[in-house]
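This report describes how the strands and helices of one protein model are arranged, and how far the model can be relied on along its chain.

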Amino acid sequence: MISRLLLDLFCFRTKVWTSPPCPHFAFSWECWRFLARIALARGGLMGNSPPMRIMTWNINSLRLRLPLLERLCAENQPDIVCLQETKVTDDLFPLDAVQALGFPHVCFRGMKSYNGVAILSRQPMRMLTDTPDWCDRGDCRHIAVEYGEGADAVTVHDFYVPAGGDIPDPVENPKFAHKLAFVEEARAWFAQRDVRRTVVVGDLNIAPLEHDVWSHRQLLKIVSHTPEETSRLLAWQNSGFVDAMRHFVPADEKLYTWWSYRNRDWSASNRGRRLDHVWVTPDLVPALRDMSVLRPVRDWEKPSDHVPVIVDLAI
């Protein structure tokens, strides 16, 4: 009975807050959330299934923002962290520092100054090596792992889709052409497979829905929200996935994960976009428990222009 109550409180409402309603409520909520997570971890809610808390974040330089990552992990205790734009070659990856955060299992692909992805895990995982070199670029935009063992294993894909430059024309702008080709290639690859127990996360650099941007009308010709991009991203999603963030937040509510560095008063103007995503295969939808967009992180010292997204599953 207590475990049931904890789960109900744990799942009561998705939190996408600028600040808590009041300090007393924030404290009590976090206490209940902490207790619910203990109950989940001990199998009191879902048999012997362990919780799986996934955090995805475009960190915009791992070495520069390692202190922020440390704080995030201490405050939120993710089981798996998927990073994009690590911007570090494999030989310079700060492996010891990352493992010291409580993640002994680390997979990464990186290059100098640009791109780069990494997955950090508290539990053993196996890096998958049969994934494509997207668009034959070798530019370190994807990594995938198998988390767990046997029939209970979950596959996690971490993507960093090309931003696409500023001109939404594939003829005039090779970067935009690359972006469209990347998304189409990813769609086709997943569509050819019987994908199950799979999570796709990352900075997909496209805000596909009307309320994923601050102004649908004004951004229709702006890269990240053009019909050429949004139609392709939704086709990829429809190849076998469910939007886990919109599972918790209705499509008619605003939801953002990115605010431009160019706007100093970013919170007041709130001209955001949802560029970061979490998708799950339909067989994992019943396991979805909670989702949080960590908007306050955008106000931390030397922040990324993206904020982390956390999804909890009882797998």
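The text below takes up confidence, then the two sheets, then a pair of helices.

The model is predicted, so that local features need a pLDDT of at least 70 and side-chain atom pairs count only at pLDDT 80 or more, whereas totals for chains, interfaces and linings use all residues. Residues are numbered from 1 along each chain as its sequence is written, and side-chain values use heavy atoms, with hydrogens and water left out.

**Confidence**

The mean pLDDT (the predictor's confidence in each residue, from 0 to 100) is 89 for the chain, and 84% of the residues reach 70 or more. Over residues 1–30 the pLDDT is below 50, and this stretch has 45 contacts in the model beyond near neighbours in sequence; contact means heavy atoms within 4.5 Å. Residues 38–49 also have a pLDDT under 50, with 19 contacts beyond four places in sequence.

**The sheets**

Helices (H or I, at least four residues) and strands (E, at least two) are DSSP runs numbered from the N terminus, and two strands pair if DSSP finds at least two bridges between them. One open sheet has 6 strands in the order 3-4-2-1-14-13, with mixed pairing. Strand 3 (105–109) and strand 13 (288–293) each have a single partner strand, so one side of each is left without a neighbour in the sheet. Direction ignored, neighbouring strands of this sheet are turned by 10 degrees against each other on average.

Another open sheet, also of mixed pairing, has 6 strands in the order 5-6-7-8-12-9. Its edge strands, strand 5 (125–127) and strand 9 (242–243), each pair on one side only.

The table lists one antiparallel pair from each sheet.

| Strand pair | Bridges | A bridge partner pair |
|---|---|---|
| Strand 2 (residues 80–84) and strand 4 (residues 117–121) | 5 bridges | L83 and A118 |
| Strand 8 (residues 198–203) and strand 12 (residues 276–280) | 5 bridges | D203 and D276 |

Helix 5 packs on the sheet that holds strand 8, touching strand 7 (154–160) and strand 8, and its direction makes about 165 degrees with that of strand 7. Helix 7 packs there too, touching strand 7, strand 8, strand 9 and strand 12, at about 30 degrees to the direction of strand 12.

**Helix 5 against helix 7**

The axes (lines fitted to C-alpha atoms, for helices over the stretch in contact, with angles from 0 to 180 degrees between N-to-C directions) of helix 5 (residues 174–191) and helix 7 (residues 227–237) come within 8 Å and cross at roughly 20 degrees. That makes helix 5 roughly parallel to helix 7, a term for angles under 35 degrees. Residues of helix 5 that meet helix 7 include F176, L180 and F190, and among their counterparts in helix 7 are L233 and W236.

Terms used. Parallel < 35°, antiparallel > 145°, perpendicular 65-115°, else oblique.
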